[in-house]
Amino acid sequence: MSDFTGERLQAALAPRAVHFYRQTGSTNDHAMAWLEEGIPTAGSVVIADEQTHGRGRMGRAWYAPPGAALMFSYILHPPANALAYVGMMGALVCCELAETYGIRAGIKWPNDVQIDGRKLCGVLPEACWRGAELRGVVLGIGLNVSINFAGTEFKDTALSLQTVAGKLDRLDLLDRLLQRLDYWSVRLNSDDLYTNWRERLAMLGRRVTINRIDGYAEGVAESVDRLGALLIRTDAGTLHRMIAGDITLG
């Protein structure tokens, strides 16, 4: 496992702009502040060796111990009509990374990456606005690399890539992910990105329950639309379009 330092990251990722923190609360918070202060170049990245107050979807905490995960935020400048595809991109590149090791990963809608039903990676996109002006978008990615979940409450629900892929170098993983993010970030509105994301969804055709703030919906996950909304067919035959919520199989 490589030891992250600011100097090593700067040298390996140049000419990309890099902000590195040995320990921080949230890389997304730093990246959002960077956007508010100026206009960092697309592809700029904030990286942490340890993150103590990271956020997942639905406001959940995302903690990563030092040296055991990839925790970073990638900055991009998409048009406003492409915002729906940023989260898709994040999940897709993590699936692609697993596939380079011969491992089939799937996406739990909308953007949790799993292997055999256990969470490998989380993705959190956040837009930075100044009034009506879109300053940019921060894509936070948290990838479990070598976290040992044995004996923890997550032992049956989370997985580290090293468990199934063998010994890994975090800097190599980071470089691979950033290259794929660079590739897809200029193709956000493409049919290719949407199709590749859709093909990796793990729940289509299966019975699901979606929990939301205002209640829940239950039925068969029939499809997803072009903006990533999940289409659920209830037992009564009604088709519901879900744009957010927690999904449970069965």
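A residue counts as buried when its relative accessible area is under 20% and as exposed when that area is over 50%. By that cut-off, 50% of the 250 residues of the protein chain are buried. The model is predicted.

**The whole chain**

Start with the full protein chain in cartoon view. The chain carries six helices and 13 strands. Its radius of gyration is 18 Å, close to the 18 Å that the globule rule gives for 250 residues, so the chain is as compact as a globular protein of that length. Along the principal axes, the C-alpha atoms fill a box of roughly 60 × 50 × 30 Å.

Now switch on the surface. The accessible surface of the chain is about 11,300 Å², and carbon and sulfur atoms account for 51% of that area. Colour by charge next: there are 26 positive and 28 negative side chains, and the centres of the two sets lie 3 Å apart. For contacts with a separation of 6 or more, 65% are between residues 24 or more positions apart.

**Strand β4**

Select residues 69-76, which make up strand β4. Is this strand mostly covered or mostly open? Strand β4 is mostly covered, with eight of its eight residues buried. Turn on the side chains: Ala69, Met71, Ser73 and Ile75 point one way, while Leu70, Phe72, Tyr74 and Leu76 point the other way. Both sets are buried.

**From β4 to β8**

Add residues 133-144, strand β8. Strands β4 and β8 run antiparallel and are joined by eight bridges. To find the register, pick Ile75 in β4; Val138 in β8 stands opposite.

**From β8 back to β7**

Extend the selection to residues 118-130, strand β7. Strand β8 is also joined to β7, here by 10 bridges, and these two strands run antiparallel. At the end of the pair, Arg130 stands opposite Glu133 in β8. The two strands form a hairpin with two residues between them, and Gly131 in the turn has a positive phi of about 65°.

**From β7 to β6**

Next, add residues 112-115, strand β6. Which way do β6 and β7 pair? They pair in the antiparallel sense, over three bridges. The bridge partner of Ile115 is Arg118 in β7. This pair is a hairpin as well, with two residues between the strands.

Zoom in on Asp116, in the loop between β6 and β7. Its phi is near 50°, a positive value in a residue other than glycine. Asp116 has 75% relative accessibility, so it counts as exposed.

**Two cis peptide bonds**

Step back along the chain to Pro110, in the loop between β5 (106-108) and β6. The peptide bond from Trp109 to Pro110 is cis, with omega near 0°.

Then jump to Pro15, in the loop between α1 (6-13) and β1 (18-24). The bond from Ala14 to Pro15 is also cis, with omega near 10°.

**Last stop: Gly245**

Finish by selecting Gly245, in the loop between β12 (239-242) and β13 (246-249). Is Gly245 buried or exposed? At 2% relative accessibility, Gly245 counts as buried. Select Thr209 too and draw a C-alpha to C-alpha distance: the two residues are 36 positions apart in sequence and 9.5 Å apart in space.

Notes:
Residues numbered from 1 in each chain as written. Predicted model: local features only at pLDDT ≥ 70, side-chain atom pairs only at ≥ 80, totals over all residues. Heavy atoms only, no water. Helix = DSSP H or I, 4+ residues; strand = E, 2+ residues; numbered from the N terminus. Rg over C-alpha atoms; globule rule 2.2 N^0.38 Å. Buried < 20%, exposed > 50% of the residue type's maximum accessible area, 1.4 Å probe, protein only. Contact = heavy atoms within 4.5 Å. Areas by Shrake-Rupley, 256 points an atom, 1.4 Å probe, with all protein chains shown as cover. Lys, Arg positive; Asp, Glu negative; His and termini not counted. Charge placed at Lys NZ, Arg CZ, Asp CG, Glu CD. Pairing = 2+ DSSP bridges.
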